[in-house]
Amino acid sequence: MSGEKRAHVLAVQMALLVVFVGTWEWASRLRWIDPFFFSQPSIFGGRAFQWLTEPGFLLGGRSVYHHLFVTMQEMIGGFVLGVGFGVIVGFALGRSRFWSAVLNPYIQVLNALPRLVLAPIFVLLLGIDERSKIALGFSLVFFIVFFNAYRGVRDVDRNIVNNARMLGASEAQLARHVLLPSAMTWILSSLHTSVGFALVGAVVGEYLAAAQGLGWIISQAQGNFDAAGVYAGMLILCVVVIVVEFGVTWLERRLIRWKDINETMFA
Amino acid sequence: MPPQKEKNLTSQIGPAIEVALDSIALRFGSYGVLTDLSFDIPRGQFVALVGPTGCGKSSVLNLVAGLLKPSAGSLRTGGRLLDSINRDAAYMLQQDGLLPWKSVLENVMLGPVLRGTSKIQAAKDAKVWIERVGLRDFESRYPSQLSGGQRKRVAMAQALINRLPILLMDESFSALDVQTRALMENEFLELWQELRATVLFVTHDLEEAIAMADRVLLFTAGPHARLKGDYAVPLPRPRKVEETRFIPGFAELYETVWRNLKEEVMAAYVR
């Protein structure tokens, strides 16, 4: 896209945001919608701003940054564990036809199970601290990454494998030079979804049972019929997601440069 | 060094056998691909394998490569019984197997690196080979940024850099346009004259087979393909591929092989 086009897209995006937020604000002020349920952008925006800028403003005795930090920790924990095990197990099963055939029905069943129902079990098992949220995030992320890694290993071009073998690759070298890079494209494309799910795991876990974190803030606000608090929490979550998305995109660009070049050349 | 003379010398002593197939059979389930196939290839010989589509010529390459195992019979290369991947053979596939995530330089140095050469030395060798195949300014490109002919050159450098005694080629030039193809064939012959590898070259193009090879092996139509003919190509070297057809002797040989090949093509067609 040319710079001019990009500026145009950005301008329209901005205009859409202004129209959306402005409509919300005015509809709420004119009582077209009930501010008790829908709050008002100026109010919850101000609330979020207050949380972030007034050091004395505490939620449950801690600053909003502490809660944000806790949620991020849980998200990263679930993400790293999910990606790590997903890649390893996906890779291993992708390499072994026997074990992938044996385990296939079990994986399908586990995948079909809505993992959020596991949340209460994780709370019972691991308590209300970070570990139950990390476990929930893990259970969500693992399958996404697992399926992608598995497919990446399975779908590798036979021609490339044979060529590398003939050039002298041992099994370990084959994994390093061929299977891993091939699977990498699949794995990386799954990371965008995985990051989102890691955050879902953290926030939903906190929402169900926790003593800190953004999910806990939202659940507290809800308990107090404080719509502005709920929306303020959501607003901060949105910003977090955007920042993390940029990080993943950056990582993707770096790790599969060869593909990026290809696409920009023929785009 | 005149290669002609060296060849005469070795033939006087009786050249060593590089590849020996002894009553080889290959079956996929109940489908018999090859039956009772035996032939020897002396060291340094350039052998073209021709035959109708589906006659199992490519399977012969895969057997010599060690990518397939024979259902019966024995296969020796360099005097040793082959029972796994053939470490003495380079393989140029029809569809090149370049690694899309590696640059031209990384692709060419892959062979030596995999075989334990230090990266610095491998890069040095690779640069020489990249220059030889005429891609000096393309070292840092990725395969997706190259044309079909350029990719083939990279594949050629990748296969030749290991300097292995056996070179397997499966329709290596058939995907190229006519001009690029003639160019690549000549460049390849030049490099081969220098390396003196034993070559097994699969092609469906009889003219290409005769122009490049020392010997043409003709296969019958599959299933249960076997050897139908074994023809020496008595044309002098060094050759220019596009000029060989004017050399006396070419036309007669072409006609003889073609008549036999045609029968098999018809047989394959009827099946």
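This briefing walks through a predicted model with chains A and B, from the overall layout down to single residues. Chain A is built from 12 helices and has zero strands. Chain B meets chain A through 22 of its own residues, which contact 17 residues of chain A. Below you will find the fold of chain A, the interface, three helix close-ups and a few backbone details worth a look.

**Chain A as a whole**

- Reading from the N terminus, the element order of chain A is α-α-α-α-α-α-α-α-α-α-α-α.
- Along the principal axes, the C-alpha atoms of chain A fill a box of roughly 75 × 55 × 35 Å.
- Chain A has 267 residues, and 36% of them are buried.
- Of the contacts in chain A with a separation of 6 or more, 73% join residues that are 24 or more positions apart.

**Where chain B touches chain A**

- On the chain B side, 22 residues are in contact with 17 residues of chain A.
- The elements of chain B that give two or more residues to this side are strand 6 (89-92) and helix 3 (104-114).
- By class, this side of chain B has 13 nonpolar, seven polar and two charged residues.

**Helices 6 and 7 of chain A**

- Two packed helices are described by the angle between their axes and the distance between the axes.
- Here, the axes of helix 6 (residues 119-126) and helix 7 (residues 130-154) of chain A come within 8 Å and cross at roughly 145°, and the crossing is right-handed.
- Helix 6 of chain A brings Ala119(A), Phe122(A), Val123(A) and Leu126(A) to the contact, while helix 7 of chain A brings Arg131(A), Ser132(A), Ala135(A) and Leu136(A).
- Sorted by class, that contact between helix 6 and helix 7 of chain A has six nonpolar, one polar and one charged residues.
- Further along, Phe146(A) also lies in helix 7 of chain A, and it counts as buried because it has 26 C-beta neighbours inside 10 Å.
- Leaving aside residues up to four places away in sequence, Phe146(A) touches Gly86(A), Val89(A) and Gly90(A).
- Phe146(A) and Val117(A) are 29 residues apart along the chain, with their C-alpha atoms separated by 20 Å.

**Helix 3 of chain A, a two-sided helix**

- The 13 residues of helix 3 (residues 41-53) of chain A should span 18 Å at 1.5 Å a residue, and the end C-alpha atoms are indeed 18 Å apart.
- Phe44(A), Arg47(A), Ala48(A) and Trp51(A) are the buried residues to look for in helix 3 of chain A.
- These buried residues sit on the same side of helix 3 of chain A, because they cover an arc of only 95° around the axis.
- An α-helix has 3.6 residues a turn, so residues three or four places apart point the same way.
- Helix 4 (64-95) and helix 11 (227-255) of chain A are among the elements that cover the buried residues of helix 3 of chain A.
- Exposed on the other side of helix 3 of chain A are Phe49(A), Gln50(A) and Thr53(A).

**Helix 6 of chain B, another two-sided helix**

- Helix 6 (residues 178-195) of chain B has 18 residues and reaches 26 Å from first C-alpha to last, close to the 26 Å expected at 1.5 Å a residue.
- Arg181(B), Glu185(B), Phe188(B) and Trp192(B) are buried in helix 6 of chain B, and they lie on the same side of the helix because their arc around the axis is only 70°.
- Strand 3 (46-50), helix 5 (148-160), strand 8 (198-202) and helix 7 (206-212) of chain B pack against the buried residues of helix 6 of chain B.
- The face turned away from the buried side of helix 6 of chain B carries the exposed residues Gln179(B), Glu190(B) and Glu194(B).
- Gln179(B) is exposed because it has 10 other C-beta atoms within 10 Å.
- Gln179(B) and Glu242(B) are 63 residues apart in sequence, and their C-alpha atoms are 10.0 Å apart.

**Backbone details**

- Most residues other than glycine have a negative phi, and most peptide bonds are trans.
- Ser39(A) has a positive phi, near 50°, and sits in the loop between helix 2 (35-38) and helix 3 of chain A.
- Asp36(B) has a positive phi near 45° and lies in strand 2 (residues 31-42) of chain B.
- Arg196(B), which follows helix 6 of chain B, has a positive phi near 60°.
- The peptide bond from Arg237(B) to Pro238(B) is cis, with omega near -5°.
- Pro238(B) belongs to the loop between strand 10 (227-232) and helix 8 (250-270) of chain B.

Technical notes:
Residues are numbered from 1 along each chain as its sequence is written. Chains are lettered from A and ligands numbered from 1 in the order in which they are written. This is a predicted model: local features need pLDDT of at least 70, side-chain atom pairs count only at pLDDT 80 or more; totals for chains, interfaces and linings use all residues. Two residues are in contact if their C-beta atoms, placed from the backbone, lie within 7 Å. Helices (H or I, at least four residues) and strands (E, at least two) are DSSP runs, numbered from the N terminus. Ala, Val, Leu, Ile, Met, Phe, Trp, Tyr, Cys and Pro count as nonpolar, Asp, Glu, Lys and Arg as charged, and the others, Gly among them, as polar. A residue is buried if 20 or more other C-beta atoms lie within 10 Å of its own, exposed if 12 or fewer, and partly exposed in between; C-beta atoms are placed from the backbone. Axes are lines fitted to C-alpha atoms, for helices over the stretch in contact, and angles run from 0 to 180 degrees between N-to-C directions. A crossing is left-handed if the near helix is turned anticlockwise from the far one by less than a right angle, and right-handed if clockwise. The expected span of a helix is 1.5 Å times one less than its number of residues. The arc is that of the directions from the helix axis to the C-beta atoms.
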